[in-house]
Amino acid sequence: MGAAVSAWGRRALVALPFGWLAAFFLAPFLIVVAISLAEPRIGVPPYLPLLDWSGGGWPRLQASFANFALLFDDAFYVEAYVQSLAIAGLSTLLCLLIGYPMALAIAGAPERRRSLLLMLVILPFWTSFLIRVYAWMGILKDEGLLNGLLLWLGVIDQPLVILNTGIAVIIGIVYSYLPFMVLPLYATLERHDRTLLEAAADLGARPWRAFLAVTLPLSLPGIAAGSLLVFIPAVGEYVIPDLLGGGDTNMLGKALWEVFSQSRDWPTAAALAVALLAALVLPLALLQRIFRRTEEGG
Amino acid sequence: MSRVVAADPVIRIEGVAKGFGAVAAVAGIDLDIAEGEFFSLLGPSGCGKTTLLRMLAGLETPSAGRIRIGGADMAGVPPHARPVNMMFQSYALFPHLTVEGNVAFGLRQEGLPKLEIRRRVAAMLDLVQLGELAGRRPQQLSGGQRQRVALARCLVKQPRVVLLDEPLAALDKKLRRQTQFELVRIQNQVGITFVMVTHDQEEAMAMSTRIAVMDRGRILQVGSPQEIYRRPADRFVADFIGDANFFDGIVGGPGEGGLAVSVEGLAAPLLAPGDAPAGSRVTVMVRPEAIRMGEDAADGAGNRLEGIVAGIAYHGDASLFQVALASGRMVKVSAAAHDLGRGDAVRLWWPAAGGWVLR
Amino acid sequence: MTRRSPFVVGMLAFGYAFLYLPIALLMVWSFNDSRLVSVWGGFSTRWYAQLAHDTRFLDAAWLSLRVAAASASLALVLGTCAALALVRVRRFRGRTLFALLIAAPLVMPDVIMGLALLLMFVALEQAIGWPDGRGFLTITLAHATIALCYVTVVVRARLAQTDPSLEEAAQDLGAPPAKAFVLVTLPLLAPALAAGWLLAFTLSLDDVVVAQFVSGPGATTLPIQVMSSVRLGVSPEINALGTVIILVVGAGIAVAWRLLERRGR
């Protein structure tokens, strides 16, 4: 915009969203960290203020790391942590195994078809996520559709227990996050210079070798981006473990809600949130690096 | 140097500089442009010419100095209030408006009555020969047509100055030649001052009344195309404009037709007009077309060299010969078709006045 | 594994089947007279009738639509400002922090966003008495905050493709900066603005986690209502609800597709 827009106009343009995010994202985030150090109590709100002004003069700090210590001591939380990472990891892998060929197929389709194919991948996203997960309950439960079909076919004679297990959660996560894997993969694969594959063929590589030697390595950024875009939200998922996971499945998102709403222990919930974030710092940093790289290089 | 114009210049640039962070894009420019001129800012990319143009338009503010247009100081005057219109390199045609909508845009901002706008737009479209395409969208036009729309859009507002940012860069060679004539013709017809930015020296030479050669934020020389071609201010200008042979040497003293410069590897000192003290290091510039080849080289005051034809580049109307001297130095000679072939011995000659001494 | 090998194409077909199976089943079940999922009891629209008379769902839907519209509009304004700031304002203080704040909510798990926003609303209420209780306002603010980041992504992509010299040309031709923006850039951004608003609207309509954290008594959004119904047991009304949503979205996309095709050439 150069000198053409007034300096005040520019400042307002930046200040408006900046201020909003500072107030409604940054500040809440800092408060979570603060509360994670606070001591719980019965009452409204269910935590002691960090600074006690009652003594007169300088305020007394009422903070401790006890909440974090609790996370390490209590097996419940450790298990939630481990299960979250494990389930998210497996789901991401499965997403990759299904999503990669899909992206490959779309990238290989004739150009005019591609936007339609992509739209078909994204379309489910616009309908209710919650209700679609609910539908999986109907498919996977003991008296559900899958069991009904398998029993009717005679493949099994006892219903498979899938609902309320980790497997159902994995299926739910793969189902919900598949588009997030397919799109970045497609973007990377589509950008590939087709002539590279032609060159490989010209030099004598058979299709499988060409794939391993050319396509796969070049699509690594897409694989990384897609995997992170699935893994990061999956670790903190709440709805899917709640609906499909049942009592046995213990994941961080679900645990956080339970601690918050049932135990009314806000400080521990806050500590759990911080712990969840800590687990995601590395993947988040990786994701940011990838996006910075694609913005610069491409 | 005709940098300052005596009569009231339509543009006066005084001490203008512009920096971006630590980089000085433009460093202290003084320049006058007279009314009705077709003025070019010529230089390699990064020399600051586009920055200077944008400062004239008001799209950038100078860090130092002053710009006067039509006598009025432009400090603090935003682009929409200046008597200047710009033709952008990308043409910047509004894709959501028709050709007519684009050309009428500026007039609408002036709040003119609809009837008058329509009349002026129609007249302008006729001038640039786009009358039938008034209802089309820019996406449906060819590159050359889009360029004419961009020009029409500027001219219809009858500004004091039209700024052109590399107007011919996106056109192919043949269209470029045609458009060069067109632009000059139109400029003559409407009489508006044109200031053009280009990196193409042939273009600048062909179209301009005066040229300012720039490099690294500074103006090296201002003058008519003939002045700049024949009497370049320094080696950079000489090298940038057209083709040239350069002979580095030391001034021996005055000689016939100017100075005598002794050059390593040449038996006799070269004679060329110029002004430099004896003993100073200079470069003698000789344009390839000034040198004559053949055993029947004329006698008289001049410079003689002997060599062997090392290469010939055929260009249709003329050929560029590379002649190797005994010392190994290559001399470029431009001449019409010759019987000479590669390996032939040849004598070169040019009059003293055909060269020029650069400091 | 080349791009056109049978395996790859087969996986694509499987993927689509996988994605659309629950959707198809929802639609089938919504017309199933029986409550059971593996038994077909005959064609019936009773669940739709039940849904149409269920005030809990109707009220929740009405609240959700209002929240979605309000938060989407807020998000649109804020997100567009943010996109303009990032693309057109070349440098400003705190740009890295700003870019981080814009990107973070996109990948932040919902539970953390929800908890953080709730804690802040509570602390704010303690300190200055606003917001007064939690409900429509807090949900709208929360949704707007998350959605604005998505809007920024969409608008920014379109803005980056737009030639900045278009606005400069408009100014050069006599339009003051604000007018140049409205006359030239805004029309070009229009598709991205519409897409951004719709995206924000959908995200708000679909959100259950953040809403659960920041809503209060009497402010039950549609997803929250669905969750509690599910927890109470089988509720075939939800199949009907899902089908309605699918059909509305499907129709909307068909219309949008037609509009885009007409505009395209």
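Tutor: Before we start on this predicted model, one definition: two strands pair if DSSP finds at least two bridges between them.

Student: Good, so in what order do the four strands of the open sheet in chain B come?

Tutor: The pairing in this open sheet is antiparallel. Going across its four strands, the order in chain B is β2-β1-β4-β5.

Student: Which strands of chain B stand at the edges, and why is one side of each left without a neighbour?

Tutor: An edge strand here has a single partner strand, so one side of it is left without a neighbour in the sheet. In chain B, that description fits β2 (23-33) and β5 (72-73).

Student: Let's zoom in on β1 and β2 of chain B: which residue in β2(B) is the bridge partner of B:I11?

Tutor: Strand β1 of chain B covers residues 11-20 and pairs with β2(B) in the antiparallel sense over seven bridges. For B:I11, the bridge partner in β2(B) is B:I33.

Student: What about domains: how far apart are the centres of domain 1 and domain 2 of chain B?

Tutor: The domain assignment splits chain B into domain 1 (11-239) and domain 2 (243-358). Taken over C-alpha atoms, their centres are separated by 39 Å.

Student: And which helix of chain B gives the most to the side of domain 1 that touches domain 2?

Tutor: Seven residues from domain 1 of chain B and six from domain 2 of chain B take part in the contact. By class, the domain 1 side has two nonpolar, no polar and five charged residues. The top contributor to that side, with three residues, is helix α8 (residues 235-240) of chain B.

Student: Over to chains A and C: how many nonpolar residues does the side of chain A that touches chain C have?

Tutor: The contact involves 72 residues of chain A and 66 residues of chain C. Helix α1 (residues 7-36) of chain A gives the most to the chain A side, with 18 residues. That side has three charged and nine polar residues, and its nonpolar count is 60.

Student: Are α5(A) and α1(C) roughly parallel or roughly perpendicular to each other?

Tutor: The axes of α5 (residues 129-140) of chain A and α1 (residues 6-30) of chain C come within 9 Å and cross at roughly 80 degrees. Angles of 65 to 115 degrees get one label, and α5(A) and α1(C) are therefore roughly perpendicular.

Student: How many nonpolar residues are in the contact of α5(A) with α1(C)?

Tutor: On the α5(A) side, the residues include A:I131, A:A135 and A:W136, and they meet α1(C) residues including C:I23, C:L26 and C:W29. One residue of this contact is polar, one is charged, and the nonpolar ones number nine.

Key: Residues numbered from 1 in each chain as written. Chains lettered and ligands numbered in written order. Predicted model: local features only at pLDDT ≥ 70, side-chain atom pairs only at ≥ 80, totals over all residues. Contact = placed C-beta atoms within 7 Å. Helix = DSSP H or I, 4+ residues; strand = E, 2+ residues; numbered from the N terminus. Nonpolar A, V, L, I, M, F, W, Y, C, P; charged D, E, K, R; others polar. Domains from an automatic or database assignment. Axes fitted to C-alpha atoms, helices over the stretch in contact; angles between N-to-C directions. Parallel < 35°, antiparallel > 145°, perpendicular 65-115°, else oblique.
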